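Good morning. I will talk about charged side chains today, starting with the pairs and ending with a surface patch. Please look at the model first.

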Amino acid sequence: MEHLLKKWIRTGIFCTGLLFFSGFGSAVEAGDIESMESQSSNLKNELDNVNQELLDIGNDIADVEEKIEETTGEIEKTREQLSIAKHSEEQQYEELKLRIKYMYENDSVSMLEVLISAESMNEFLNRVDFIQNVSEYDRNKLEEFQTLRENIAAQEQHLVDEKESQVKLQKKLDLRKKELKGKADSMSVDLAALRNKIQALRAEEARRAAEEARRREEEQARKEAEEAEEKKAAKTTAQVKNNSDKNTSDKTASSNKGGGYDMPSGGGVLTKKKGVNYYNGHRETYYSQKVLPGHGLKIPGRHVASDGTIRDSDGYICVASSDYPKGTVVKTSLGPGKVYDSGCASGTIDLYTDW
């Protein structure tokens, strides 16, 4: 189970790593992150279980070490008792030998003389009984010390065996602790790597969302600006038309000064070859910077567009008109224009070009 879990986690991390290090070529699926977070949660639970087992084993090892210490102390005490018992046994044995030597080897008084010197049978029996009691006491004492020594030796062996068993258990627990520690370390590394991948995916997801939101805001702002320009241009066109109609009614048909004539409105496009174009109620002409450089117009970002028109930094075509104040945005057949100059006839918009 552990092997399969490890393989499952490492496979998930590897696949995520491919997605991450390829620069997030495709959009991050929410299900992918949820799956990785589920893996992270399962791995975290497994790691918590291992750490708890490590804690339990640590407590068990501490208990065993305490018992080993206690058993070692008991062994030392038992060995001291065994030494005392051996000494007592040897002392009793030496005392017995001394009494025997005194009773059987003393030249002045022998056991036989003690018995023979009895003046009556009763005294004789008493002396025999005394000698037997002394011998029996010595024998019992000697046997008692021997039994005590044997019991203490047996107890010592039992404690030694118990300590050996405890030491084996300690080694077994130490080995298990080492295995769990290695497992916990490996799982911690895997968990950290998995969390880093999730964090990176979340950051990429947030970046994409922010980028999409910014793009939508820019698109909305652009649309609003275009609508505002269209409304402004329409309002200006209406004003010009009203002024033009008023001027036309006040001027005679023979007077062509100031553009006091009816102009047809068409939908064509002004070109170099065409020269004159009627568009949106205006007469469109052009003047070339090759003939009139126009350096005094102070056009910001002045440059030549791909269609050959002269435009400003905002992309507006630079035009001249006597009907609109400078800075007014107007419609032309080639796109929005901005008034930078005057001096042309009323009703005419002159486009600045490089033709």
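Let me begin with Glu204, which is buried, with a relative accessible area of 9%. Keep in mind that this is a predicted model, and that the values I quote are computed from it.

What does Glu204 pair with? Glu204 forms a salt bridge with Arg208, and the closest N and O atoms are 2.9 Å apart. Both residues sit in helix α4, 4 residues apart, or about one turn of the helix. Arg208 is partly exposed, at 31% relative accessibility. The cut-off for buried is under 20%, so Glu204 at 9% falls on the buried side, while Arg208 at 31% does not.

As background, side chains of opposite charge can pair when their charged atoms come close.

Now a second pair, Arg311 and Asp307. This is also a salt bridge, with the closest N and O atoms 3.0 Å apart. Here the arginine, Arg311, counts as buried at 14% relative accessibility, and Asp307 is partly exposed at 31%. Going back to Glu204 and Arg208 for a moment, those two belong to one network with Arg207 and Glu211, joined by salt bridges that share partners.

How many salt bridges does the structure hold? The count is 17.

One of them links distant parts of the chain: Arg202 is in helix α4, residues 121-250, and Glu37 is in helix α2, with their positions 165 residues apart in the numbering. The closest N and O atoms of Arg202 and Glu37 are 3.0 Å apart. Are these two partners buried or exposed? Neither label fits, because Arg202 is partly exposed at 35% relative accessibility and Glu37 is partly exposed at 33%.

That brings us to helix α2 and the patch. A negative surface patch is made up of Asp56, Asp60, Asp63, Glu66, Glu69, Glu70, Glu74 and Glu162. Which element gives the largest share of it? That is helix α2, residues 30-105, which supplies 7 residues.

Take Glu74 as an example from the patch. Glu74 lies in helix α2 and is partly exposed, with a relative accessible area of 41%. A patch residue needs over 30% relative accessible area and no salt bridge, so Glu74 at 41% clears the area cut-off.

To sum up, we have a total of 17 salt bridges, one of which joins helix α4 to helix α2, and a negative patch drawn mostly from helix α2. I will take questions now.

Methods. Residues are numbered from 1 along each chain as its sequence is written. This is a predicted model: local features need pLDDT of at least 70, side-chain atom pairs count only at pLDDT 80 or more; totals for chains, interfaces and linings use all residues. Side-chain values use heavy atoms; hydrogens and water are left out. Patches are made of residues with over 30% relative accessible area and no salt bridge: like charges are joined within 9 Å, nonpolar side chains (Val, Leu, Ile, Met, Phe, Trp, Tyr) within 5 Å. Accessible areas come from the Shrake-Rupley method with a 1.4 Å probe; for residues, only the protein chains shown count as cover. A salt bridge is a side-chain nitrogen of Lys or Arg within 4 Å of a carboxyl oxygen of Asp or Glu. Lys and Arg count as positive and Asp and Glu as negative; His and the chain ends are not counted. The place of a charge is taken as NZ of Lys, CZ of Arg, CG of Asp or CD of Glu. Helices (H or I, at least four residues) and strands (E, at least two) are DSSP runs, numbered from the N terminus. Buried means under 20% relative accessible area, exposed over 50%, partly exposed in between (1.4 Å probe, protein chains only).
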